[in-house]
Amino acid sequence: MTQLKPIKTALISVFHKDRLEEILKKLNAEGVKLISTGGTQSFIESLGYECTKVEELTTYPSILGGRVKTLHPKIFGGILGRRGLDSDAKEMQKYEIPAIDLVIVDLYPFEETVKSGAPEADIIGGISLIRAGAKNFNDVVIVPSKAEYADLLEMLNAKGANSALEDRRHFAERAFAVSSHYDTAIHGYFAAGK
């Protein structure tokens with residue numbers, strides 16, 4: 001039987017909030033600690049669930065007009081820290097970095113934003129959380145878009161707040177598909193001379 005890894009902490013940062021309610025209900029029922037920012041955090045709290053602000057964890061505010069919120073060692077260390085490596089565990093303990101076991105991201109719709117005529121500064125976003133979660137799939141479940149919410153809910157209903165390696169590999173594959181599509185769309189935007 002495949003060894004399951006527990007999901008104790010989840011970082012959630014999504015554009016589309018629809019279809020997230022069931023997942024949040026299940027995570028809350030399983031005792032998973034929720035971390036989030038901005039609109040997602042407000043949405044989570046509006047449903048009556050406790051949610052730690054990223055700013056509380058990092059002790060830094062969201063800066064540069066919201067461009068820098070989660071780019072911090074306490075967030076990325078929590079995602080990228082290798083759970084089975086002693087040196088990583090010691091550094092995480094030394095710098096009080098909590099392990100983040102589940103990352104749920106849903107990027108804003110790039111193509112639609114371009115069509116809307118939004119300024120260039122507003123249309124190019126980052127996929128750092130997706131890449132970090134996928135890189136450490138041995139320890140982290142990365143859900144890169146709302147298209148994967150159903151798969152996540154199915155996993156949670158079947159295994160509780162636990163994941164198997166095959167689950168984490170599946171979501172990592174989806175994460176690289178999302179990042180590839182996103183980067184291709186941005187490349188197309190620049191190549192077209194917009």
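Student: What makes S5 and S6 a pair in this model?

Tutor: The model is predicted. Three bridges join S5 to S6, and the two run parallel. Pairing needs at least two bridges, so S5 and S6 qualify. One bridge sets Val103 against Ile142 in S6.

Student: What joins S5 to S2?

Tutor: Five bridges, again with a requirement of at least two, so S2 and S5 pair. They run parallel. Ile12 stands opposite Ile104 in S5.

Student: Why are S4 and S6 called edge strands?

Tutor: Each pairs on one side only. The open sheet has five strands in the order S4-S3-S2-S5-S6, with parallel pairing. At the S4 end, two bridges join S3 (residues 33-36) to S4. The cut-off is at least two bridges, so that pair counts. There, Ser36 stands opposite Lys53.

Student: Why is S5 said to be largely enclosed?

Tutor: Five of its five residues are buried, so the rest of the structure largely encloses S5. Buried means under 20% relative accessible area. Leu102, Ile104 and Asp106 are buried on one side of S5, Val103 and Val105 on the other. In a regular strand, side chains alternate between the two faces of the sheet.

Student: What does Ile104 touch?

Tutor: Leaving aside residues up to four places away in sequence, its contacts include Leu11, Ile12, Leu27, Val143 and Tyr149. Ile104 also belongs to the largest nonpolar core, which has 25 residues. Ile12, Leu27, Leu34 and Ile104 touch the most other members. S2, H1, H2, S5, S6 and H9 each supply at least two residues of this core. H9 gives the largest share, five residues.

Student: Which residues belong to the second core?

Tutor: Leu11, Val54, Ile142 and Ala175 are among its 23 residues, and this core is separate.

Student: How do you know which side of H1 is covered?

Tutor: Ile23, Leu24 and Leu27 are buried in H1. They span an arc of only 95° around the axis, so they lie on the same side of H1. Glu22, Lys25 and Ala29, on the other side, are exposed. The cover over the buried residues includes S2, S3, H2, S5 and H9. Just after H1, Gly31 takes a positive phi of about 80°.

Student: What covers the buried residues of H8?

Tutor: The cover includes S2, H4, S5, S6 and H10. The buried residues are Leu129, Ile130, Ala132, Gly133 and Ala134.

Student: Why is the contact of Asp18 and Lys146 called a salt bridge?

Tutor: Their side chains meet at 3.5 Å, N to O. The limit is within 4 Å, so the pair qualifies. Asp18 sits in the loop between S2 and H1, Lys146 in the loop between S6 and H9, so the bridge ties together parts 128 residues apart in sequence.

Student: Is Asp88 buried or exposed, and what is the state of its partner Arg82?

Tutor: Asp88 has 10% relative accessibility. The cut-off for buried is under 20%, so Asp88 is buried. Arg82 has 45%, which makes this residue partly exposed. Their side chains meet at 2.7 Å, N to O, in a salt bridge.

Student: How many salt bridges does the search find, and which residues form a network?

Tutor: The whole structure has nine salt bridges. Glu148, Glu173 and Arg174 are linked in a network. Within this network, Glu173 and Arg174 meet at 3.5 Å, N to O. Glu173, at 43% relative accessibility, counts as partly exposed. Arg174, at 26%, also counts as partly exposed.

Note on methods
Residues numbered from 1 in each chain as written. Predicted model: local features only at pLDDT ≥ 70, side-chain atom pairs only at ≥ 80, totals over all residues. Heavy atoms only, no water. Core = buried A, V, L, I, M, F, W, Y, C linked by side-chain atoms within 4.5 Å. Buried < 20%, exposed > 50% of the residue type's maximum accessible area, 1.4 Å probe, protein only. Helix = DSSP H or I, 4+ residues; strand = E, 2+ residues; numbered from the N terminus. Contact = heavy atoms within 4.5 Å. Arc of directions from axis to C-beta.
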